[in-house]
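Please open the structure in your viewer and keep the sequence panel visible. The tour below proposes one selection after another and states what is found at each stop.

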Amino acid sequence: MAYSLRRAALITLGLIWTALPAAAQDPPADPPALPSGTGIVLATVTAGDTGEPVANATVELLSAADSSLVAETLTNEDGAFRILQVREGVYYVRFVSVGYGEVFTQSFELADDETRNLGVLRLPVQAVVLEPIEVSSERTAVTFEADRTSYNLGVMGADGRSVTETFQSIPELEVDIDGGITLRGNSPAIYINGRPAPMSGEALTIFLEQFPADYLQKIEVIDNPSARYGAEGTGGIVNLVTKEGVELGLSGSAFASAGTRGQYGAGVRGTLQRGDWTFNGGGFVRLSDNESTGYDLRQNLIADPAFLRQDTRSDRTGLAGNLDLETRWQATERMRIYAETGFRRSGNESERFNTTTHLDDTETAILIYDRMTASDSRNLSFDLSTGFDYEWERREHELEFEIQAQTGRQNGDSREEITTDEDFADDVLLPAELTLEDEEELERELSIQVDYSRPLSEEMALEIGYELEFQDSDNDRLINFIDDPAGAPDGLITDRGFDQGETTNSAYTTLERQFGDFGVQLGLRGEHLAMDFNVPSGESFSRNYFDLFPSANLSYRIDDSKRVRVSYSRRIGRPGPSVLNPIDVSTDPLNRRIGNPDIEPQYTHSVSLNASWSGSAGNLRFSPYYQKTTNDWAPITTVDAEGNSTLPYQNL
């Protein structure tokens, strides 16, 4: 087994400017740093007309010096809230809830060990003009947290845009012309509300291009994920946090899009919230039509023919659709039960025209033939997940259990026919005149996950979890090579499919501790994966991987405007079926594509530094990072004496 080491050190210096809210009064030239303290701020929020408690109202504690966000929480079912561990200083509080107006308190001074009860605060049922107050503020667009950077879409202004379009305004992310997302040169995992998105590949790209960003509360960029998240992938995580309905009643939207590259889409979304029940769902369809051309010229220095030229032209049309529904029930004040389901269907038809020309050493054509390919493929997938959250104390002790099932089916067939000039009809270099291909793949996945978090003290919190996952993929691919379509109806039939099964057990623990302005988060994740891979020839192989994945996040709050974070994580990239399958999946004998069952997983050590400074003119970020990857793999093209290329994978 080939083994090599690649070391990559990439330094990125970014000047990231985001609009910051202006305070109604100018902050002092040099506001003093707030020392660590143990103050408490509490109050009760009620409706202005009835005096009934207002649950789930947003409460923000803001610094009177520069209107920066110090702490944020929600009111409980009784309309009460409590903010702990507040440093000595001067503050004011902002209250807001959907269906009510916005209220700011007067600024107040809080001493160490003081409990400041603001009493009963009433929210007006509708927006009113408030009396002049000393300070006013809006929420910060970018929040620099212990292990991630959060972008508040309500402040950034994502109205009318899709999620993919919103990604373009986030400095860490790059979006290519086809909608592909990269984070520091790698493809990140996309999560929705802390869980992996239930689709991947082209289906995920289509979903993000059509899903309205209006339904997101914030986007979290996690460049070095903690042990809480799966260790697969080296591109970090982008987590989409959706809005939760709070007495929203019935609301919805419809959207349509069109692009100059032959892409058209339309869809609807709606939310219904009544009492303890919330329903959120939607759907979309997208039509695409793409044309492309290609050109390839090879020179063979050791055998005839001396040159091989291939010119290609293709036309591909596709139709994709998605339906999803989420139901949440607040069973009690402390327990929430939810269920989510999604249905996705896509299909495409393509026509490909390939002209192959063999030339001698004088570049004179000695053989010319056309390969015409017509294919039709269909994909259908369905997923269902359900679980519950239970909180012993509001936003403290929490138990979450989830079970998720997914299934998907892909069907496709294609026809390749070769036509040639009569002068070359009997040339031995000609491949089969007619090739028929029929493919069917069935994928199934079942996962069970349990997470528990609890505080060990006012400064320390513990989180533990376990996940069991089963995956099975059954691929049947029959290829029929017919030399004489006018003769015998059957030719040489080969099965180039595979069967793959995986069982993964993983457990993790994270410990977070605050030492004044200095924060530490340490984690460790263990994963064991058992895999079986079988091909039609009877050949089979098994793989067992057990690895430990540590993570660490160290943060320091220099003052209200300056923060520094250093993070580390170890990640893994496991080869998929297309990399492992040793069977040639190409129907073109001149261009073979095979996998390598001996490919080993790749491991990446990633260290990053994030320094943030907020001022009156904007936000400045300094973000160098270092990555070291071992056992990477890549397709290596080789050409034999007859001029046929083979594209196997090798560890580098």
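**First stop: a loop residue**

Select asparagine 631, which counts as buried because its relative accessibility is 7%, below the 20% limit for that class. The model in the viewer is a predicted one. Asparagine 631 sits in the loop that connects β35 (625-630) with β36 (633-635). Now display proline 601 as well: its backbone oxygen is reached by the side chain of asparagine 631 at 3.2 Å.

**The whole protein**

Return to the full view and colour it by secondary structure. The protein contains four helices and 39 strands. Of its 652 residues, 44% are buried. If the surface is switched on, the exposed area is about 32,400 Å², and carbon and sulfur atoms supply 54% of that area. Consider also the contacts between residues at least 6 apart in sequence: 65% of them join residues at least 24 apart.

**The largest nonpolar core**

In soluble globular proteins, nonpolar side chains tend to be buried together. Select Phe167, Leu208, Ile219 and Leu240, and show their side chains. Within the largest nonpolar core, which has 27 residues, these four touch the most other members. Two or more residues of this core come from each of α2 (163-167), β13 (181-183), α3 (201-210), β16 (216-222) and β17 (237-242). Which element gives the largest share of this core? It is α3, with four residues.

Stay with leucine 208 for a moment. When neighbours within four places in sequence are left aside, leucine 208 is in contact with Ser162, Val163, Thr164, Phe167, Ile190 and Leu240. Apart from this core lies another one, of 20 residues; to find it, select some of its members, including Val59, Leu61, Val93 and Leu118.

**Aromatic pairs**

The structure holds eight aromatic pairs. A pair of aromatic rings is described by the distance of the centres and the angle of the planes. Select tryptophan 277 and phenylalanine 279, which form a stacked pair with 6.0 Å from centre to centre and 5° between the planes. Tryptophan 277 is partly exposed, at 37% relative accessibility, and phenylalanine 279 is also classed as partly exposed, at 32%. Add Trp329 to the selection: ring pairs link Trp277, Phe279 and Trp329 into a cluster.

Next, select phenylalanine 533 and phenylalanine 541. Their ring centres are 5.1 Å apart and their planes meet at 15°, so this pair is stacked. Are these two residues buried or exposed? Both phenylalanine 533 and phenylalanine 541 are buried.

**Strand β26 and its partners**

Select residues 460-482, which make up strand β26, together with residues 434-455, which make up strand β25; the two run antiparallel and are joined by 22 bridges. β25 and β26 form a hairpin, with four residues between them. For one bridge in this pairing, show leucine 436 and its partner in β26, asparagine 480.

β26 has further partners. Strand β28 (residues 498-515) pairs with β26 in the antiparallel sense over 16 bridges; here leucine 468 stands opposite asparagine 505 of β28. Strand β27 (residues 492-495) also runs antiparallel to β26 and is joined to it by four bridges. In that pairing, leucine 478 has aspartate 495 of β27 as its bridge partner.

**Leucine 399**

Move to leucine 399, in strand β24 (residues 398-420). Leucine 399 counts as partly exposed because its relative accessibility is 24%, which falls between the limits of 20% and 50%. Residues up to four places away in sequence aside, leucine 399 touches Phe388, Asp389, Tyr390, Trp392, Val450, Asp451 and Tyr452. Also mark glutamate 463: it is 64 residues from leucine 399 along the chain, and the two C-alpha atoms are separated by 9.9 Å.

**Last stop: a sheet of three strands**

Finally, select strands β32, β38 and β37. They form an open sheet in the order β32-β38-β37, with mixed pairing. Which strands are at the edges? They are β32 (591-593) and β37 (638-639), each of which pairs on one side only. β37 pairs with strand β38 (residues 645-647) in the antiparallel sense over two bridges. To end the tour, show threonine 638 with its bridge partner in β38, threonine 646.

Terms used
Residues numbered from 1 in each chain as written. Predicted model: local features only at pLDDT ≥ 70, side-chain atom pairs only at ≥ 80, totals over all residues. Heavy atoms only, no water. Core = buried A, V, L, I, M, F, W, Y, C linked by side-chain atoms within 4.5 Å. Buried < 20%, exposed > 50% of the residue type's maximum accessible area, 1.4 Å probe, protein only. Contact = heavy atoms within 4.5 Å. Areas by Shrake-Rupley, 256 points an atom, 1.4 Å probe, with all protein chains shown as cover. Pairing = 2+ DSSP bridges. Polar contact = N/O pair within 3.5 Å; in protein donor to acceptor, adjacent residues only side chain to side chain. Phe/Tyr/Trp six-rings, centres within 6.5 Å; stacked < 30°, edge-to-face > 60°.
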